[in-house]
Amino acid sequence: MNILQIENLSKVYGKGETAVKALDNVSFSVKKGEFVAIIGPSGSGKSTLLHLLGGVDRPTSGKVLIDNTDIYKLNETQLAIFRRRQIGLIYQFYNLIPILTVEENITLPMLLDEHKVEPEHLKNIIRTLGLEKRTNHLPNQLSGGQQQRVSIGRALISNPAIMLADEPTGNLDSKNSDEILELLKMFNKTYNQTLIVITHDERIALQADRVISIEDGRIAKDEVIRS
Ligand SMILES: Nc1ncnc2c1ncn2[C@@H]1O[C@H](COP(=O)(O)OP(=O)(O)OP(=O)(O)O)[C@@H](O)[C@H]1O
Ligand SMILES: [Mg+2]
């Protein structure tokens, strides 16, 4: 079953002389539970692609279907709700809210959605992420690896269909990188959660089921490593 279907997706930034075609007619699909690595040179369009898959930006043309929902047919409010429920986003620089505690940062998407947080589910996530002793700390009281684990918790709290990560280990040392990747892989395998990771790290790309190479806004290669 395809959880994600991308059809003729293009993105042009700016207009006229300074227009940049960041994504050029890209089509592919991703099966439920697949772990896909996206690689490619700087400026090739990887983050642009991930933002369009995550519903955080709108394409110039083309379609993104997630679990058969054509997400850019939704209005802004519907899209915001869909994103909070179905898509987990993880960034290189964590993007945590500095004045909220670890627990508050993790539960924020549920509160925004006026959904009750299931206490067992929250406890489970916090335990799995090894953050039991840090639930009342603020982000600036945490190490980089811990902050990234909080952002994974926030991405996971609503049991999203897809996890999207843009260089999730780009700011971490190799030990913390390995731990973060193990966590992402664990959620991918245990809960069959689809995982799409942008990375410059070949060690990470080689652990994926499939590697998509982007060059100049197009798919240059799409290789299944394991199925
Ligand atoms: N908001 C924007 N306005 C104008 N141009 C942009 C914008 N965001 C990205 N671009 C341009 O689009 C192209 C693709 O950028 P993108 O951020 O997707 O690359 P990337 O593959 O993620 O690169 P990196 O590996 O350095 O993160 C680049 O030429 C970039 O300059
Ligand atoms: Mg990028």
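## Exercises on two sheets and a ligand shell

In this predicted model, four strands form an open sheet with the order 2-1-4-5 and antiparallel pairing. The exercises below begin with this sheet.

**Exercise 1.** Determine which strands are the edge strands of the four-stranded sheet, and state how many bridges join strand 1 to strand 2.

*Solution.*
- Step 1. Read the order of the strands, 2-1-4-5.
- Step 2. Look for strands that pair on one side only; these are strand 2 and strand 5 (69-70), the edge strands.
- Step 3. Turn to strand 1 (residues 2-13), which runs antiparallel to strand 2 and is joined to strand 2 by eight bridges.
- Step 4. Locate one facing pair: Leu9 stands opposite Val26 in strand 2.
- Step 5. Add the helix. Helix 1 packs on this sheet and touches strand 1, strand 2 and strand 4 (61-66). The direction of helix 1 makes about 125 degrees with that of strand 1.

**Exercise 2.** Describe the sheet of six strands, and state whether strand 6 and strand 7 pair in the parallel or the antiparallel sense.

*Solution.*
- Step 1. Recall the two possibilities: strands of a sheet pair through backbone hydrogen bonds, either parallel or antiparallel.
- Step 2. Establish the order, which is 6-7-8-3-9-10 in an open sheet with mixed pairing.
- Step 3. Identify the edges: strand 6 (87-90) and strand 10 (218-224) each pair on one side only.
- Step 4. Note the twist, which averages 15 degrees from one strand to the next.
- Step 5. Examine strand 6 and strand 7 (residues 162-166): four bridges link them in the parallel sense. Ile87 stands opposite Ile162 in strand 7.
- Step 6. Place helix 2 (residues 76-86), which lies across strand 6 and strand 7 and runs at about 75 degrees to strand 6.

**Exercise 3.** Characterise the surroundings of ligand 1, and find which element gives the most residues to its shell.

*Solution.*
- Step 1. List some of the surrounding residues; among them are Tyr13, Val20, Pro41, Lys46 and His200.
- Step 2. Sort the shell by character: four residues are nonpolar, seven polar and one charged.
- Step 3. Assign residues to elements. Strand 2 (20-31) and helix 1 (46-53) each supply at least two, and helix 1 gives the most, with three.
- Step 4. Consider the polar contacts, for which the cut-off is 3.5 Å. An oxygen atom of ligand 1 lies 2.6 Å from a side-chain N or O atom of Ser42. For Ser47 the corresponding distance is 2.9 Å, and for Thr48 it is 2.6 Å.
- Step 5. Evaluate the burial: ligand 1 taken alone exposes 630 Å², of which the protein buries 57%.

Key. Residues are numbered from 1 along each chain as its sequence is written. Chains are lettered from A and ligands numbered from 1 in the order in which they are written. This is a predicted model: local features need pLDDT of at least 70, side-chain atom pairs count only at pLDDT 80 or more; totals for chains, interfaces and linings use all residues. Side-chain values use heavy atoms; hydrogens and water are left out. A residue is near a molecule or strand if one of its heavy atoms lies within 4 Å of it. A polar contact is a pair of N or O atoms within 3.5 Å; within protein, one must be able to donate a hydrogen and the other to accept it, and residues adjacent in sequence count only if both atoms are side-chain atoms. Accessible areas come from the Shrake-Rupley method with a 1.4 Å probe; for residues, only the protein chains shown count as cover. Ala, Val, Leu, Ile, Met, Phe, Trp, Tyr, Cys and Pro count as nonpolar, Asp, Glu, Lys and Arg as charged, and the others, Gly among them, as polar. Two strands pair if DSSP finds at least two bridges between them. Axes are lines fitted to C-alpha atoms, for helices over the stretch in contact, and angles run from 0 to 180 degrees between N-to-C directions. Contact means heavy atoms within 4.5 Å.
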